[in-house]
Structures are given as C-alpha cells and as structure tokens.
Amino acid sequence: SIVCLADCKHLELHLDDKKPDDSANEAMQQVAFADKILLNKIDLVTPEEKKALKDRLGVINKFATIIETERSRAPLDKIL
C-alpha cells in the first residue's frame, strides 16, 4: 500500500501551492494516490481546522484511511 505522511499544520498550504511552470502539485498527488494518510501534528491545530482538513482530504481521496498521529507516533498494526 501507499502511505502518505501529512503535516496537519501545513498541508493546506501545500495543497493550494501553484507551481510557476504549471507542473503537478506533489502534495495533491501524494494525497490522491495514497491508501493510508498519516495525519501528523494534530496537536498543533484546532478541532475545527482538523475537521476541515479531513473533509478536504476526503474530497481528494475518499478511499484512503486517515490515521491521526502526534509526533509521528502511529499504531503499526494500522499502517501495515
């Protein structure tokens, strides 16, 4: 499976990033093709910001499992 590690605090900025040469947005592609998204640093955002980001991730990739983490500590059984 494809696992994407996403920074909850800064991911919105990267998803909205416009490339000057009209190339692909890497963050958008990584989220779109992931089977599992590790949403890291959830302790640095408000519950409302986290919900908004999770909703947006669901629009980009409705099939991915989103696993919330802090300091990159994730349950291995959910990743493998």
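Select Lys54 to begin: at 30% relative accessibility, Lys54 counts as partly exposed (buried means under 20% relative accessible area, exposed over 50%, partly exposed in between, with a 1.4 Å probe and protein chains only). You are looking at a predicted model, where local features need pLDDT of at least 70, side-chain atom pairs count only at pLDDT 80 or more, and totals for chains, interfaces and linings use all residues. Residues are numbered from 1 along each chain as its sequence is written, and side-chain values use heavy atoms, leaving out hydrogens and water.

Now add Glu68, whose side chain meets that of Lys54 in a salt bridge of 2.7 Å, N to O (a side-chain nitrogen of Lys or Arg within 4 Å of a carboxyl oxygen of Asp or Glu). This pair links distant parts of the chain, with Lys54 in helix 3 and Glu68 in strand 3, 14 residues apart; helices (H or I, at least four residues) and strands (E, at least two) are DSSP runs, numbered from the N terminus. Glu68 is partly exposed too, at 31%.

Next, pick Asp55 and Lys51, another salt bridge at 2.8 Å, N to O. Both lie in helix 3, four residues apart, about one turn of the helix. Lys51 is exposed at 53%, while Asp55 is partly exposed at 41%.

Finally, move to Asn61, in the loop between helix 3 (47–60) and strand 3 (65–68). Is Asn61 buried or exposed? At 7% relative accessibility, Asn61 counts as buried. Show its side chain: a polar atom there lies 3.0 Å from the backbone oxygen of Ala32, and the backbone nitrogen of Ala64 lies 3.0 Å from a polar atom of the Asn61 side chain.

Note on methods. Polar contact = N/O pair within 3.5 Å; in protein donor to acceptor, adjacent residues only side chain to side chain.
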